[in-house]
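Reader: Hey, can you walk me through this one? I'm new to reading structures, so plain words please.

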Amino acid sequence: MTWITNSENMIGTVVGNTSTDSYKFILRSFRAKVGDIVATLSAIPDDNKSHGNAIIWGRIVSIDRHNPFFPAEAAQELAEQNLRLIDTVLSTSRDYLNAEVLILGSSDEDSTSQMDLSPLTYPVQPAARVINPPASAIKKLLGASEDNVPKLHVGSLLGRSDVDVSLAANKVVSRHLAILAMTGGGKTVAARRIILALIGHGYPIVIFDPHGDYLGFYENRAKLPPGTDVKLFYPMMKVSEENITVVSDLLAKMGRKMTDAQHDFFNKIVMETKISDGTKASDYILELIQRAENTAAKIARKDKEDDAEDSPKKFGATTVNAVKRSLSFVLNALKQMEQNNKVLCERLKDDYQFHEMPDPKRDPEDIVRKKQVSIFYLAGYDHLTQSTIVSMVLDALFSHRAALTNRIPPFQTVIEEAHNFIPSRQEGTDETPSLMTVRKVITEGRKFGTGLMIISQRPARLDETILTQCNSFLVLRLVNPKDKNFVRSVMENLSESDANILQTFGPGQGIVSGQAVRFPLLVKVHHDKNFESSKIGDEDFLKAAASWNESGTRARNRGAFTAAAAPTPAAKASPDANKKEQQPAPSKAARSDPPSLKFSAVAKRKR
Amino acid sequence: MEIQDRIESKITQGDFLANMLRVARSEGPRLQHAFVEHVGNLAEKLSVFLRANGRVQKAAYNPAEFWPRQKGRAFGFVDGGVAAIDLPGASPLGIRVGSYVVRPGDESGEREEFKIEFSIVDDLYAEEPLTFDVPEDIEDRYDDRAKLRDAARIISEIAAALALSRRRQDLGVLLVHGPLINPAAPYGPPGFPHFTAEAAESLFGAAVARDERHFIPLYRQILEQLKEASAPVFGVVERDGGGRPLLERLILTMYQAGDLPEAEKRAGLALLRKYDLSDAQILDVVLEAGEYLTPTTVPRQEPSNKWPKDWDENLKVYPNPLTTFLKPSETVRPFRVETFEGARNHEEAMTLILATARLLPGYGFPVALDIVDKFAKVPSWLSKEIGAGHKAVLLRKAFESDDRKLQEYAIKMLSVSSRDWFFRPKA
């Protein structure tokens with residue numbers, strides 16, 4: 001007797017009409033729950049006009065519970081009179097449970113080592129017994145016996161901690177994976193789990209991290225497999241003779257679209273401006289702006305002596321000023337970025353060692369390397385800067401893989417808060433250069449080993465084209481109806497009942513489907529608490545606000561910009577005036593005097 | 001609520017309306033306007049009369065105190081289900097009687113017990129049916145199969161109650177869905193078959209002598225055994241059969257006891273007859289929520305002039321039910337409650353019946369009897385499947401015979417009749 005015929009494993013009986021897609025069965029009390037994998041034995045015709053038994057595998061997608069002996073009227077009386085049901089003659093023991101099963105496929109009854117699933121071509125027999133398979137059978141079904149295939153362990157079956165769930169590693173790194181969940185659903189936990197599994201394989205990983213969710217890898221790098229290197233990068237743009245195009249790339253991604261004449265003028269000033277290797281892009285752009293200003297001045301003077309081919313006369317003042325404006329715009333963004341870099345490095349210098357971002361075109365090996373996790377920490381940068389960095393890095397790395405330069409190995413890119421980088425058309429895509437880059441990578445990436453892992457809490461705001469290119473999905477708790485509908489529309493094999501349970505998932509519980517698994521599975525993601533960042537993430541803002549010393553901060557900053565200014569009459573009169581101002585509770589007069597004098601002086605000058 | 005108000009609220013309900021129309025047609029327009037007034041008058045008089053003579057009692061309804069007090073006691077409920085199968089060429093009989101025993105307040109897994117106490121699956125057309133004996137000459141087979149089915153249903157329900165009372169000695173009260181004692185005379189005409197020895201033994205729980213295997217003596221024996229059971233047994237009737245047996249009996253009883261003058265008796269009975277309202281209809285406006293009439297013995301086997309000669313001695317000594325009507329709440333009609341004469345703890349049982357009926361505040365019937373009714377009911381899908389299976393066998397046999405006429409006959413018999421609308425000529 002095998003497990004499928006063992007009556008002790010029986011949990012119910014098939015009832016009603018059955019089909020090749022689903023069936024219903026009456027479930028014995030407390031013997032199974034939603035998400036459980038069940039099996040039935042049923043006869044299936046074969047090619048030789050006879051039939052043989054096959055195991056029909058299915059997943060319970062819903063359970064209806066009904067107590068026909070408990071009329072609603074009785075409930076009303078119990079509530080009115082504040083009675084306990086158990087104290088009356090009402091019955092509680094005759095519930096019946098009607099479970100609906102989504103059929104996954106059929107396998108041979110006598111398959112021993114590996115269980116191949118085939119589509120079911122003949123309906124399940126009504127009145128067939130429904131069996132709760134042992135863990136060993138489910139493991140075999142999930143492909144656990146295929147030990148040679150690399151896997152990424154994500155957790156266990158929901159409600160069956162004895163059955164591990166793994167993703168097919170090759171499908172994840174070549175066919176892309178989307179992790180979708182609302183805030184608190186556990187998407188970062190899930191992503192961290194999969195990244196750790198990839199690290200276990202020594203696979204190169206590039207993470208774009210807008211919130212510092214993955215800094216825990218750096219903090220706990222000692223716990224990673226030996227030889228694993230975790231690099232933290234802050235964005236920095238530099239120019240050299242080899243990558244002179246970086247400025248035009250920046251202009252294309254950050255600036256406004258240029259006309260042909262503006263392009264010509266831009267190329268002209270780039271040709272005229274000398275580059276020394278390692279110059280910051282912002283410094284170089286500043287030089288370009290100065291050159292453009294000179295040209296503008298020349299045009300203004302209408303210098304008729306200069307009649308050379310590339311004389312400024314060829315370019316109108318409008319063209320020159322437009323290029324100048326674009327350059328100034330990019331310059332401002334870069335300056336802001338550099339200012340952020342400074343603040344960031346200063347703030348986190350004690351805990352983290354940040355490196356300047358290598359040039360992805362010239363030095364891709366510094367970013368993508370075997371057993372290396374490269375984290376681009378993007379917190380604090382504006383949206384356009386973040387998107388530009390993702391676009392430029394990914395563009396360059398993809399180009400290296402696509403051109404088969406053999407300089408970098410295949411790698412996995414992780415994009416957190418993906419709705420900011422690949423927004424849908426409705427969200428506005430003007431200032432999101434990363435959208436086109438990711439589209440290119442996701443459509444062509446499978447050929448070149450540039451897999452993507454897209455993580456988002458607002459699936460409905462993601463670009464549909466990109467999401468449909470993901471062949472695997474891990475969807476955790478989702479409540480927003482728009483998000484649920486969108487997920488259903490892009491996930492071919494997500495049933496309606498599956499979509500309905502998305503909102504019932506607890507943290508870390510979800511459904512994994514697509515090519516990375518043999519069929520959709522409800523999963524409890526393993527939580528790697530060891531790799532959570534202890535510094536960033538769960539700041540106690542209430543505590544911070546409670547302990548905020550406002551007067552101290554004000555006092556510390558007072559005079560930060562005005563200290564070099566001429567002493568005020570008040571200060572002259574009393575050298576201790578400054579000291580007085582630094583007292584915790586300064587008087588009204590002390591607070592208002594110095595600035596008012598200064599501003600009135602300016603006002604007089606203007607008049 | 002005053003009687004007049006109660007009548008006003010009931011006046012649009014089906015039975016009242018039907019009666020009003022009937023009376024109005026026979027009595028002329030004068031009564032059309034006076035109906036409410038007259039019925040009100042009758043009910044008012046009856047109410048005053050009953051209350052003045054202490055014939056109305058009240059069961060207390062205080063669930064918050066009552067139910068916790070029942071903790072640990074066991075109550076039993078019995079009901080039967082009959083399969084509704086209509087088959088050509090067969091007379092199938094499918095009866096099962098279920099029991100539900102519950103122990104309020106018990107939080108263990110032993111709180112409830114559901115059991116099919118008794119079941120009959122038989123074909124009355126079979127050469128050797130399992131339930132009733134067939135006479136030696138097959139032509140003498142008793143024809144009224146509806147009566148045979150009724151007899152089997154009535155006796156099996158009460159037999160199941162007996163089996164439960166024997167099995168569960170811990171029962172505090174046992175309620176049966178339906179009349180406790182049915183008229184037995186209709187099942188005693190000449191030729192009405194005896195039960196088989198096996199059927200009688202399984203009904204009674206012990207071997208039964210040949211002469212005692214007939215419905216009338218066997219039913220009486222079971223009732224008498226049940227009367228002696230440790231738990232008081234009550235029959236609760238969901239749908240009243242009509243008539244005024246209780247009120248008429250009450251007036252007669254009081255007259256016989258010398259408490260009612262002859263003229264008042266005649267006037268009272270005439271009034272009841274005049275408006276042709278049933279016990280339940282009149283008491284619906286007379287009784288208030290939780291009230292019931294003082295139980296009165298109603299001779300269930302009357303009239304004796306219709307008794308079959310063979311069984312009159314037996315019918316003479318049949319137990320009679322002590323009958324009352326209980327009005328569970330203001331909005332629902334009272335239902336009939338029967339028990340054996342000399343039943344113990346009657347008032348306590350009425351309180352239980354009221355409390356269980358109040359758990360269905362809209363329907364006003366003991367909820368546990370509703371539970372056991374649903375449990376024992378033979379589902380329609382099962383009956384249909386039996387019918388479909390039987391037809392398939394019949395058809396297959398017809399086609400195996402190669403007789404074209406037989407096949408056509410079978411098809412006609414199993415499909416639609418030639419008088420079906422389906423065969424009406426088209427325009």
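Author: Sure, one term to start with: a contact means heavy atoms within 4.5 Å. Residues 24 or more positions apart account for 73% of the contacts in chain B with a separation of 6 or more.

Reader: Okay, and what kind of model am I looking at?
Author: This is a predicted model, where local features need pLDDT of at least 70 and side-chain atom pairs count only at pLDDT 80 or more, while totals for chains, interfaces and linings use all residues. Residues are numbered from 1 along each chain as its sequence is written, chains are lettered from A and ligands numbered from 1 in the order in which they are written, and side-chain values use heavy atoms, with hydrogens and water left out.

Reader: How many helices and strands are there in chain B?
Author: Chain B has 15 helices and 10 strands. Helices (H or I, at least four residues) and strands (E, at least two) are DSSP runs, numbered from the N terminus.

Reader: And what share of chain B is buried?
Author: Of its 427 residues, 51% are buried. Buried means under 20% relative accessible area, exposed means over 50%, and partly exposed is in between (1.4 Å probe, protein chains only).

Reader: What about the area that chain B exposes?
Author: That comes to about 20,800 Å², with carbon and sulfur atoms supplying 51% of it. Accessible areas come from the Shrake-Rupley method with a 1.4 Å probe; for residues, only the protein chains shown count as cover.

Reader: Now chain A, what are the numbers there?
Author: Chain A has 19 helices and 20 strands, and 48% of its 607 residues count as buried. It exposes about 30,200 Å², and carbon and sulfur atoms supply 49% of that.

Reader: Salt bridges next. How many are there over all chains?
Author: The count is 41. A salt bridge here is a side-chain nitrogen of Lys or Arg within 4 Å of a carboxyl oxygen of Asp or Glu.

Reader: Can you show me one?
Author: Try B:Arg73 and B:Glu348, whose closest N and O atoms are 2.6 Å apart. This pair links distant parts of the chain, 275 residues apart: B:Arg73 is in the loop between helix 4 (63–69) and strand 2 (74–82) of chain B, and B:Glu348 is in helix 12 (residues 346–358) of chain B.

Reader: Is B:Arg73 buried or exposed?
Author: In between: B:Arg73 has 27% relative accessibility, so it counts as partly exposed. B:Glu348 is at 38%, so it counts as partly exposed too.

Reader: Got another pair?
Author: B:Asp170 and B:Arg168 form a salt bridge at 3.0 Å, N to O. B:Asp170 is partly exposed because its relative accessible area is 34%, while B:Arg168 is buried because its value is 15%. Both belong to one network of salt bridges with shared partners, which also takes in B:Arg103, B:Asp106, B:Glu113, B:Glu117 and B:Arg167.

Reader: Switching topic: how do people describe two helices that pack together?
Author: Two packed helices are described by the angle between their axes and the distance between the axes. Axes are lines fitted to C-alpha atoms, for helices over the stretch in contact, and angles run from 0 to 180 degrees between N-to-C directions.

Reader: So how do helix 5 and helix 7 of chain B cross?
Author: The axes of helix 5 (residues 145–167) and helix 7 (residues 215–227) of chain B come within 9 Å and cross at roughly 25 degrees. That makes helix 5 of chain B roughly parallel to helix 7 of chain B. Angles under 35 degrees count as roughly parallel, over 145 as roughly antiparallel, 65 to 115 as roughly perpendicular and the rest as oblique.

Reader: Which residues meet there?
Author: Among them are B:Ala151, B:Ile154 and B:Ile158 in helix 5 of chain B, and B:Phe215, B:Leu218 and B:Tyr219 in helix 7 of chain B.

Reader: Where does A:Ser374 lie?
Author: A:Ser374 is in strand 15 (residues 372–377) of chain A. It is buried because its relative accessible area is 0%.

Reader: Any odd backbone spots?
Author: A:Phe30 has a positive phi of about 60 degrees although it is not a glycine. A:Phe30 sits in the loop between strand 2 (22–27) and strand 3 (37–45) of chain A, and at 76% relative accessibility it counts as exposed. In chain B, a cis peptide bond joins B:Glu302 and B:Pro303, with omega about 0 degrees.
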